[in-house]
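The following exercises concern burial, helix packing and side-chain contacts. Each task is followed by a solution in steps.

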Amino acid sequence: MPTPPTPDTAPRRRDKTHYLYLAVIVAVLLGILVGFLFPGFAKGLKPLGDGFVNLIKMMISPIIFCTIVIGVGSVAKAAKVGKVGVLALGYFIVMSTFALAIGLVVGNILHPGTGLHLNPADVKSVQKSASGAEGPVDFLLGIIPKTFVSAFTEGQVLQTLLVALLVGFALQKLGPKGAPILRGVEHLQRLVFRVLAMIMWAAPIGAFGAIAAVVGATGWAALKSLAVIMIGFYVTCLVFVFVVLGIVLWLGARVNIWHLLRYLGREFLLILSTSSSESALPRLIAKMEHLGVDKSVVGITVPTGYSFNLDGTAIYLTMATLFVAAAQDEPLSIGAQIGLLVFMIIASKGAAGVSGSGIATLASGLQSHRPELVNGVGFILGIDRFMSEARALTNFAGNAVATVLIGNWTKEFDREQARRVFAGQAPFDEATMVDEERRPEPAPAAAR
């Protein structure tokens, strides 16, 4: 009699989403071609990209809510959640500061912007960007939603995080009586991820529209005149991801950065085609859980990291600040650079979640700290869209690394599951995005 197939040797169903991401690559190439050949027509395709990103953003709040409620509600002790939060915030502060320092060093080596003659005509656009960012006090008060439901309707990640934490802790207090509610949230999570999987089939259309619009609007002119800062920024981001984050990930969790980034390859392609790390946030949550990181760790670390762990934005702020200062023949001393960048760290938290937060933070920070430099930000607007892709990719990589590290430090990382995932023995289920066999028991522990 033939031996029945084991789970590892059983024939796998063909992953239809493989064709989806091949279509995304083709769509990106077509978008670039259309942008160069028909720039006027390509500019009108921008709503296609915006529409797809908005569809993804529509799913972020319910996914974060379900993930955190299930993770926190299933934890026996509330202190464990607090420990994860403290570790995550501490790590985010250290790494963001380190990213700022790297950008500062590279900026002082390259001296971008020296000898340029800027056109001040874009000041109005800059001031409009600056008005989009909030101050630290407004940012902190903005974490509290106006109503319980508005946290979901307004699409604020930190507001959703707060509500989900309160619901999760309430389920802990309910004890066994909260089990039916928790089970209901699990069913809701399955539904939400299935809707997300359906939305992903619109990715090629969104990628085509987004890339065509930006190429049509920008062309080669801005790329030629600003090649130094753009190439320098991309190289700096690559060094930060593969060297700095790679070393930290290996020393902190004994995980190879190449294996992790290859596992998240489809998410990087999605970010590259949309220039938005938010478009991959739901999939990052699902994939980190599949990799073996506990739900409670993923639920706290990923949403918080999207607001506080902005490594790519930190590098951008330092290099762009030095650029606009040198371009106006007002180079900053080392002391002034450090003072301004400390201010930028605070300002970046206020701009979290704002569309185009990089340019908004840069403009608002300069206007508050060095208003005479604001005029120079207008010149960088031409390539900000291209630089936003590197920011988003770096931010995403930083949050993925942070999730694995926090999971390992809190002993909530299944290393054997990660080994099987990296080896291709436990493929991610693209259809449901939920691991049924690894789901924890739904009954929360009684908190007496």
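**Exercise 1.** In this predicted model, determine whether Thr321 is buried or exposed, and find the backbone oxygen that its side chain approaches.

*Solution.* Thr321 has a relative accessible area of 2%. The cut-off for burial is under 20%, so Thr321 is buried. Next, locate the residue: Thr321 belongs to helix 17, which spans residues 311-327. Finally, inspect the polar atoms: one in the Thr321 side chain lies 2.5 Å from the backbone oxygen of Leu317.

**Exercise 2.** Describe how helix 15 is covered and how helix 3 packs against helix 15.

*Solution.* Begin with burial. Helix 15 covers residues 281-291, and eleven of its eleven residues are buried; among them are the charged residues Arg283, Lys287 and Glu289. Then consider the axes: those of helix 3 (residues 46-73) and helix 15 come within 8 Å and cross at roughly 35 degrees. On the helix 3 side, the contact involves Ile56, Ile60, Ile63, Ile64 and Thr67, which meet Leu281, Pro282, Ile285 and Glu289 of helix 15. Sorted by class, this contact comprises seven nonpolar residues, one polar and one charged. To finish, follow the chain past the end of the helix: Gly292, just after helix 15, adopts a positive phi of about 120 degrees.

**Exercise 3.** Establish how many disulfides the model contains, and state whether Cys66 is buried or exposed and whether Cys237 is buried or exposed.

*Solution.* A disulfide requires two cysteine sulfur atoms within 2.5 Å. Applying this criterion gives zero disulfides. For accessibility, Cys66 is buried at 1%, and Cys237 is buried at 4%.

Technical notes: Residues are numbered from 1 along each chain as its sequence is written. This is a predicted model: local features need pLDDT of at least 70, side-chain atom pairs count only at pLDDT 80 or more; totals for chains, interfaces and linings use all residues. Side-chain values use heavy atoms; hydrogens and water are left out. Buried means under 20% relative accessible area, exposed over 50%, partly exposed in between (1.4 Å probe, protein chains only). Helices (H or I, at least four residues) and strands (E, at least two) are DSSP runs, numbered from the N terminus. Axes are lines fitted to C-alpha atoms, for helices over the stretch in contact, and angles run from 0 to 180 degrees between N-to-C directions. Contact means heavy atoms within 4.5 Å. A polar contact is a pair of N or O atoms within 3.5 Å; within protein, one must be able to donate a hydrogen and the other to accept it, and residues adjacent in sequence count only if both atoms are side-chain atoms.
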